[in-house]
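Colleague: Hi, have you got a minute to walk me through this model? I'd like to get a feel for the fold before I head back to the bench.

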Amino acid sequence: MVGLAFTEARLKLAAYDIVDFLKSDIFRDARPEDVDRSGIQKANKEMFFRRYSHPIEMDVLEVCLRGRLLMDWLTLWQPDHTCSLYDEDRRQRLGDRLRLAFQKSTG
């Protein structure tokens, strides 16, 4: 996984590749207590970083993750966007994760 996450590391910050990889976590069902303030399940992030050796600022990564999830969610609410069943499911899952992420980051 780590090797695949750096295909464009020289073109953009490595954090963006990690965000692109981890954001697929929204398709896994999760209990609220298993999701951290980034909107991703704690266990999935821990698994990714278990063998990850490059320095990464976790606060920056969390902001990037929340931002990416929010941008994806907003894209699905554009007036000219017609949602498929897949998009409806994705929009719901993104909304659920964002609610948890922002609740945990403010309280």
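Colleague: Let me jump straight in: is the crossing of helix 3 and helix 4 left-handed or right-handed?

Modeller: Helix 3 and helix 4 cross in a left-handed way. Keep in mind as we go that this is a predicted model.

Colleague: Noted. At roughly what angle do the axes of helix 3 and helix 4 cross?

Modeller: They cross at roughly 145°, and the axes come within 9 Å. Helix 4 covers residues 85-106.

Colleague: Which residues of helix 3 and helix 4 meet there?

Modeller: Helix 3 brings Arg66, Leu69, Leu70, Asp72 and Trp73. From helix 4 come Arg90, Arg91, Leu94, Gly95, Leu98, Ala101, Phe102 and Ser105. Sorted by class, that contact has seven nonpolar, two polar and four charged residues.

Colleague: You mentioned Phe102. Is Phe102 buried or partly exposed?

Modeller: Phe102, which sits in helix 4, is partly exposed, because its relative accessibility is 37%. Its C-alpha atom is 9.6 Å from that of Asp36, although 66 residues separate the two along the chain.

Colleague: Let me step back a bit. How many helices and strands does the protein chain have?

Modeller: Four helices and zero strands. Going along the sequence, the pattern reads α-α-α-α.

Colleague: And what share of the residues is buried?

Modeller: Of the 107 residues in the protein chain, 35% are buried. On contacts, if you take those between residues at least 6 apart in sequence, 60% join residues at least 24 apart.

Colleague: OK, on to helix 1. What angle does helix 1 make with helix 2?

Modeller: About 135°, with the axes 12 Å apart. That angle makes helix 1 oblique to helix 2. In sequence terms, helix 1 is residues 14-22 and helix 2 is residues 42-49. Helix 1 passes helix 2 in a right-handed crossing.

Colleague: Which side chains should I click on to see where helix 1 and helix 2 meet?

Modeller: Try Ile18, Phe21 and Leu22 in helix 1, which meet Asn44, Lys45, Phe48 and Phe49 in helix 2. The contact is made up of five nonpolar, one polar and one charged residues.

Colleague: Now helix 1 against helix 3: what are the angle and the distance between the axes?

Modeller: Helix 1 and helix 3 (residues 58-75) pack at about 50°, with their axes 10 Å apart. They are therefore oblique to each other. Their crossing is right-handed. On the helix 1 side, the contact uses Ala15, Tyr16, Ile18, Val19, Asp20 and Leu22, and on the helix 3 side Leu61, Cys64, Leu65 and Arg68. Those residues divide into eight nonpolar, no polar and two charged.

Colleague: Which residues of helix 1 are buried?

Modeller: Ala15, Asp17, Ile18, Val19 and Leu22. The buried residues of helix 1 pack against helix 2 and helix 3.

Colleague: What about the largest nonpolar core, which residues are in it?

Modeller: It has eleven: Ala15, Ile18, Val19, Leu22, Ile40, Phe48, Phe49, Tyr52, Leu61, Cys64 and Leu65. Helix 1, helix 2 and helix 3 are the elements that give two or more residues to this core. Helix 1 supplies the largest share, with four residues.

Colleague: Picking one of those, what does Ala15 touch?

Modeller: Setting aside residues up to four places away in sequence, Ala15 touches Ile56 and Leu61. There is also a second, separate core of five residues, and Ile26, Leu69, Leu94 and Leu98 are among them.

Colleague: One more, about Asp25. Where does Asp25 lie?

Modeller: In the loop between helix 1 and helix 2.

Colleague: And why does Asp25 count as buried?

Modeller: Because its relative accessible area is 3%, and the cut-off for buried is under 20%.

Colleague: So which residues is Asp25 in contact with?

Modeller: Leaving aside neighbours within four places in sequence, Asp25 contacts Gly39, Ile40, Gln41, Asn44 and Arg97. For Gln41, which is 16 residues from Asp25 along the chain, the C-alpha atoms of the pair are 7.1 Å apart.

Colleague: Great, thanks for the tour!

Definitions and conventions. Residues are numbered from 1 along each chain as its sequence is written. This is a predicted model: local features need pLDDT of at least 70, side-chain atom pairs count only at pLDDT 80 or more; totals for chains, interfaces and linings use all residues. Side-chain values use heavy atoms; hydrogens and water are left out. Axes are lines fitted to C-alpha atoms, for helices over the stretch in contact, and angles run from 0 to 180 degrees between N-to-C directions. Angles under 35 degrees count as roughly parallel, over 145 as roughly antiparallel, 65 to 115 as roughly perpendicular and the rest as oblique. A crossing is left-handed if the near helix is turned anticlockwise from the far one by less than a right angle, and right-handed if clockwise. Contact means heavy atoms within 4.5 Å. Ala, Val, Leu, Ile, Met, Phe, Trp, Tyr, Cys and Pro count as nonpolar, Asp, Glu, Lys and Arg as charged, and the others, Gly among them, as polar. A nonpolar core is a set of buried Ala, Val, Leu, Ile, Met, Phe, Trp, Tyr and Cys residues joined through side-chain atoms within 4.5 Å. Buried means under 20% relative accessible area, exposed over 50%, partly exposed in between (1.4 Å probe, protein chains only).
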